[in-house]
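Work through the exercises below with the sequence and the model open. Try each task before reading its solution.

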Amino acid sequence: MADSSLTRTISSAGSLTTWTFSAWVKLSEGTSANLGLFSQGSSGDNVTSIFFNHNNGSHRLEWRQYQSGAYTARKTTYGAFNDRSAWYHIVCQWDSTNGTAGDRMKIYINGERETSFDNSTDPSSSLSSLINSTTGTMSIGKYWDNSNFMNGFISHAAFVNNAIVAPTVFGETDSTSGIWKFKSPSGVTWGTNGFHLKFENSGALGTDSSGQSNTFTVNGTLKQSIDTPSNVYSTLNAAFNLSDIQLTEAGMRTKNTNSNWKYINSTLAAPSGKWYCEHKININGGYVMVGVTDMQYATSQDKNSYTHCGAGTGGVGFYNADGNKYLQASATSFAGSYTTGDIIGCALDMDNNKVYFSKNGNWANGSGGYGSSTFDAAVGAITLPTTDATYGFAVSVRSSAVVQSNFGTGQFGATTITSAGSNGNGSLFEYDVPSGFYALNTKNINTYG
């Protein structure tokens with residue numbers, strides 16, 4: 001979250017010349033902020049940091065040591081981390097005693113070593129790192145000071161003192177898909193200040209599972225998520241249509257300060273299956289439309305255009321002010337209006353080419369109001385405008401309106417759901433999920449899509 005991090009004060013220094021850091025990361029922030037991952041230091045002129053550096057609309061991994069007004073070590077990747085639906089595995093190996101200068105800082109992304117850099121300064125022989133020293137505090141999820149927070153997801157953060165550990169200890173290639181996937185580390189000698197944060201205990205997210213008892217202090221409103229490298233949940237796509245939209249709170253909070261409509265799509269979509277999500281509304285003097293879009297059209301349009309999710313080819317929108325439905329810009333009566341505090345459910349049935357909407361658990365009847373809390377596929381159905389398509393969820397906002405979305409992780413942005421409804425199948429929603437519908441995540445798409 002935007003103000004959250006983990007910190008630990010180092011009382012006894014470990015090796016300053018040899019260590020390995022590993023973490024799984026999912027970025028969600030779409031603004032121009034730098035995103036802190038792992039750092040230690042006492043000031044901007046005395047810090048070692050691993051972070052995602054914002055540059056020309058993209059985030060690139062940067063690992064640097066800055067001392068007395070100069071870079072004593074620095075690597076910045078060419079490749080950008082623009083896929084907001086993906087978990088990335090980051091491994092950084094500090095080995096300043098290595099006789100080959102170019103091997104003193106090694107970066108691996110999803111098991112592959114980075115060898116070309118936008119910026120590159122090799123550390124001098126046996127240069128001491130500030131990480132693992134007694135200088136300042138060790139931080140996860142922010143830069144050295146209280147700024148540049150990760151504002152995304154981190155899983156299985158690990159630090160190994162006095163050893164260079166291969167990426168294959170923390171990840172492996174799936175034999176079927178060929179995709180790099182999570183692997184639980186074993187046989188590791190963690191050493192002084194070593195840690196393995198699994199984030200398994202929601203009440204003690206800083207707990208160290210390495211056996212070294214190097215537990216971190218939780219700061220801010222840190223939340224546990226069921227979105228993991230093994231099961232990726234949809235968020236809203238920070239790479240889409242962001243010239244005016246502010247996307248924060250790990251890709252779950254959408255705001256538009258422009259007086260014109262803008263919309264943003266979910267990172268995941270499906271050509272088949274039945275899917276469900278919820279949106280919590282804050283009109284805030286503006287207007288909201290939630291719905292679904294044909295992703296082929298959505299990804300091909302001008303990302304700076306002013307339009308809402310019910311306007312384009314394959315678009316369906318449900319408008320707050322009058323409760324009308326919009327299909328490819330054509331408005332007709334549908335249900336009652338909705339406003340601040342309401343939770344709008346969206347059930348997308350790709351098997352039958354329909355979409356349904358609810359307000360606070362009661363399903364729109366299609367005749368200007370809301371009916372039962374029991375879902376009935378024959379009531380309130382909207383036929384999708386295009387067939388043989390892949391649809392995803394969408395949010396439209398204008399004039400400072402805010403929408404917090406929950407795709408099944410149990411969080412409306414930074415706000416936890418009040419109580420979970422039934423039929424979540426392991427996912428967490430405020431209201432009952434219609435039977436046969438599922439959260440939009442990679443496991444469910446693989447099983448039911």
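The model is predicted: local features need pLDDT of at least 70, side-chain atom pairs count only at pLDDT 80 or more, and totals for chains, interfaces and linings use all residues. Residues are numbered from 1 along each chain as its sequence is written, and side-chain values use heavy atoms, with hydrogens and water left out.

**Exercise 1. Place Ser405 and describe its surroundings.**

Step 1. Ser405 sits in strand β30, residues 402–406. Strands here are DSSP runs of E, at least two residues, numbered from the N terminus.

Step 2. Ser405 counts as buried because its relative accessibility is 0%. Buried means under 20% relative accessible area, exposed over 50%, partly exposed in between (1.4 Å probe, protein chains only).

Step 3. Its side chain makes a polar contact with the side chain of His279, at 2.9 Å. A polar contact is a pair of N or O atoms within 3.5 Å; within protein, one must be able to donate a hydrogen and the other to accept it, and residues adjacent in sequence count only if both atoms are side-chain atoms.

Step 4. Leave out residues up to four places away in sequence; the residues that Ser405 touches then include Leu236, Met252, Glu278 and Phe412. Contact means heavy atoms within 4.5 Å.

**Exercise 2. Trace the open sheet of six strands.**

Step 1. The order is β9-β8-β7-β2-β12-β15, with antiparallel pairing. Two strands pair if DSSP finds at least two bridges between them.

Step 2. The edges are β9 (112–113) and β15 (195–197), each pairing on one side only.

Step 3. β12 (residues 153–161) pairs with β15 over three bridges, in the antiparallel sense. Ala158 stands opposite His196 in β15.

**Exercise 3. Why does Cys346 form no bond with Cys277?**

Step 1. The structure holds zero disulfides (pairs of cysteine sulfur atoms within 2.5 Å).

Step 2. Cys277 holds the closest cysteine sulfur to that of Cys346, but at 5.0 Å it is too far for a bond.

Step 3. Cys346 is buried, with a relative accessible area of 1%.

**Exercise 4. Which residues touch the most other members of the largest nonpolar core?**

Step 1. A nonpolar core is a set of buried Ala, Val, Leu, Ile, Met, Phe, Trp, Tyr and Cys residues joined through side-chain atoms within 4.5 Å.

Step 2. Among the 48 residues, the answer is Val288, Val292, Leu348, Val355, Phe357, Leu384 and Phe393.

Step 3. Strand β29 gives the largest share of this core, five residues.

Step 4. Apart from this core lies another, of 36 residues, among them Val25, Ile90, Met105 and Leu127.

Methods
Helices (H or I, at least four residues) and strands (E, at least two) are DSSP runs, numbered from the N terminus.
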